[in-house]
Amino acid sequence: MSNFSTIMARLLEAFRLNGQLFILTLVFALPLGLIIAFGSMSRWKPLSLLTRTVVWIIRGTPLMLQIIVIFFAPGLLGWGSPWGAGASGRFSAATVAFVINYACYFSEIYRGGIQGVPKGQTEAGQVLGMTKSQIFFKVTLLQVVKRILPAMSNEIITLVKDTSLARIISNKEIIMMAHEYTAKGLIWPLFFTGVFFLVFVGALTLLFNALEKKLDYFRC
Amino acid sequence: MAILEVENIYKNFGETQVLKGISFSLEQGQALAIIGASGSGKTTLLRCLNFLERPDRGIIRVNGDVLFDAQDPSTQLEKEIRKKRLNFGLVFQSFHLFPQYTVLKNVTLASELLTKEQLKHQGRAALRAAYQDIEEQARMLLDQMGLLDKVNAYPHQLSGGQQQRVAIARALALHPKILCFDEPTSALDPELTGEVLRVIRGLAEKKTTMVIVTHEMAFARDVADHVIFMDDGVIVEEGRPEDLFSNPKEERTRQFLSRYSSSN
C-alpha cells in the first residue's frame, strides 16, 4: 500500500500548485478588478471605452487560450520570452493569465454592485457634507459587498476548478497528475482528485455562507 | 436681510428647460411651501439649492454671501461645494437612510466625520468627548421625534413614517441654516403622513427656516408663512397661504387648486 500513500502524496503535492495559483490569483485579481471597474465607470470616455473593450475581449475568449497566448506569444513575436524554460516560469505565466482574466470578471461584478446602489444613498451622503471617499467607504462599500457576495462566491468557486487549466502549459497540477495514473490503469486517483476539490469547495462554501449570514443584520 | 436669496435660476436637462427664471427670497425663521404639479420643477429647484444639480444661470445667496453664481466659476469648485451644502439640509421623499447603520448611527455619522476632520490635530480624548456630545445631541433629536426606543433598530425594521422621522433628525443633526423637504410624505401610506407632518409642524413652530415641497395642501396652508405655486418651470404666483389658497389671482393657480380640492 506504499503505492497508495506515494500516489496520494504526489496528488496532494500537485494540489498545492492548484492552491498556490488560487491564492495568488485572488490576491492580485481582487484589487485589480476594482481598478478595472473604476476604469469602466470613468466619466472620461477614452478610458472607459478602452477598459470596456479589454474586458470584453478577456471575458469573450477562453482562459485556456489566454494562458497559451501569454506563455508563447512574447517568444513567438520575437520579443524574447520573459518566462524562461523552467517550471516557475510556466507557473508565473499561468498566474498572470489567471489574474488578468479573473480581474476582468470581478470588475464586472464590482461595477454591477456599485452601480446597483441607489443614487439616493450617494446623494444622502452628499447633502450631509460627506466627501466622495467618505461616501464610498462609509456608505456604499458595505452595501456593495452584501450585494456582490453571491456572485463573487460563484466566481471564486469556479476559480478553484479553473486552476486545472494551468496544465495546458505543462504546470503539474492535480488533474494532470491523476490523468497520468489512468495510463497506468489506476482509476482511484481521479476519484480522490474529485474528493480534494469537493473538500476545498465545501470549505469555501461554508465560509461564504458565514459571510452572508454576518451581513444579514441589514437589508438593502 | 433675507437668509436665502435665489435669483433668476435657469436649469435645462439636455433639450428640456426645467427651470425658467426662478427668483424668490426667504426670511430666517420662516417656512416656505412650494406647490405645483409634477414636472413643474419644484424638486429640481430644491436640488439646485442643495448643490445636487448645477443651475445653468442664476445666483444663490445665503445671508448675503454668494454661494453660487453660474457665471462665476470660482463659486463652483468641488471642495467648496461640500462646505456650502452644509448650509442646507435635505429630507428626501424616499428617506434614503443608510441601511447598514442603526438609527442612532444614521443620525451621528455625518457629524462624527466632520468633527474628526476638524479635530484632526487634537488628541483622542478631545475626539471622544466630541463624539459623546454628538451622541447626546442625536438622542435628544430622536427623542423629539418620539423615536428614542428605536435608537438601536435598523432602518428596515422601521415603518416609513419612522424612517422619515429619522431622516429629519439626521438632517437636523448638522444644524443647517435652511432645512429642505422634498415631498416628505409622498412615499408614505396615508396613516403614516400624520406623524411626519406633526414633526414638521413642530419645527415650524420653533421657527426653523424651511423650504417644503409638498402635495399636502391643507398642511401647506396651515404651516407655511409663504407659498409659491410653480408650473412649467416658472413661479406663477406666490403669497401668504391665506391669500393664495382662498383667492388665487392667476387662472393656472385656480385650476391647480381646484383639481386638488375636488380630488380631496
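Okay, let's start with a cysteine: Cys48(B) is buried, at a relative accessible area of 1%. Buried here means under 20% relative accessible area, exposed means over 50%, and partly exposed is in between, with a 1.4 Å probe and protein chains only. What you see above is a predicted model, where local features need pLDDT of at least 70, side-chain atom pairs count only at pLDDT 80 or more, and totals for chains, interfaces and linings use all residues. A quick word on bookkeeping: residues are numbered from 1 along each chain as its sequence is written, chains are lettered from A and ligands numbered from 1 in the order in which they are written, and side-chain values use heavy atoms, leaving out hydrogens and water.

Back to that cysteine. How far away is the nearest cysteine sulfur? It belongs to Cys180(B) and sits 11 Å away, and Cys48(B) is in no disulfide. Cys180(B) is buried too, with a relative accessible area of 0%. Its sulfur doesn't bond to that of Cys48(B) because 11 Å is too far; a disulfide takes a pair of cysteine sulfur atoms within 2.5 Å. Search the whole structure, over all chains, and you get 0 disulfides.

Now, the place where the chains meet. Chain A puts 21 residues into the contact and chain B puts in 23, where contact means heavy atoms within 4.5 Å. The two chains bury about 2,100 Å² between them, and 63% of that is on carbon and sulfur atoms. In chain A, Val127(A), Leu128(A) and Lys138(A) lose the most area to chain B, together 30% of what that side buries. Buried area, by the way, is the accessible area (1.4 Å probe) that two parts lose on being put together, summed over both.

How many salt bridges cross this interface? The rule finds 1, and it joins the side chains of Glu123(A) and Arg47(B), at 2.7 Å from N to O. The rule asks for a side-chain nitrogen of Lys or Arg within 4 Å of a carboxyl oxygen of Asp or Glu. On the chain A side, the elements that give two or more residues are α5 (119-127) and α6 (132-162). The largest share, 8 residues, comes from α5(A). Helices here are DSSP runs (H or I, at least four residues), strands are too (E, at least two), and both are numbered from the N terminus.

Let's follow Arg47(B) a bit further. Its side chain also meets that of Glu53(B) in a salt bridge, at 3.0 Å from N to O. Arg47(B) is buried, at 14% relative accessible area, and Glu53(B) counts as buried at 17%. Put it together and Lys119(A), Glu123(A), Arg47(B) and Glu53(B) are linked in a network of salt bridges.

Over all chains, the structure holds 18 salt bridges. One of them pairs Arg139(B) with Glu135(B), with the closest N and O atoms 3.2 Å apart. Both lie in helix α4 (residues 124-144) of chain B, 4 residues apart, about one turn of the helix. Arg139(B) is partly exposed at 33%, and Glu135(B) is partly exposed at 33%.

Last stop, the loops. Asn63(B) isn't a glycine, yet it has a positive phi of about 50°. You'll find it in the loop between β4 (57-62) and β5 (65-69) of chain B, partly exposed at 30% relative accessibility. His96(B) has a positive phi as well, near 55°. That residue is in the loop between β6 (88-91) and α3 (103-118) of chain B, and it is buried, at 19%.
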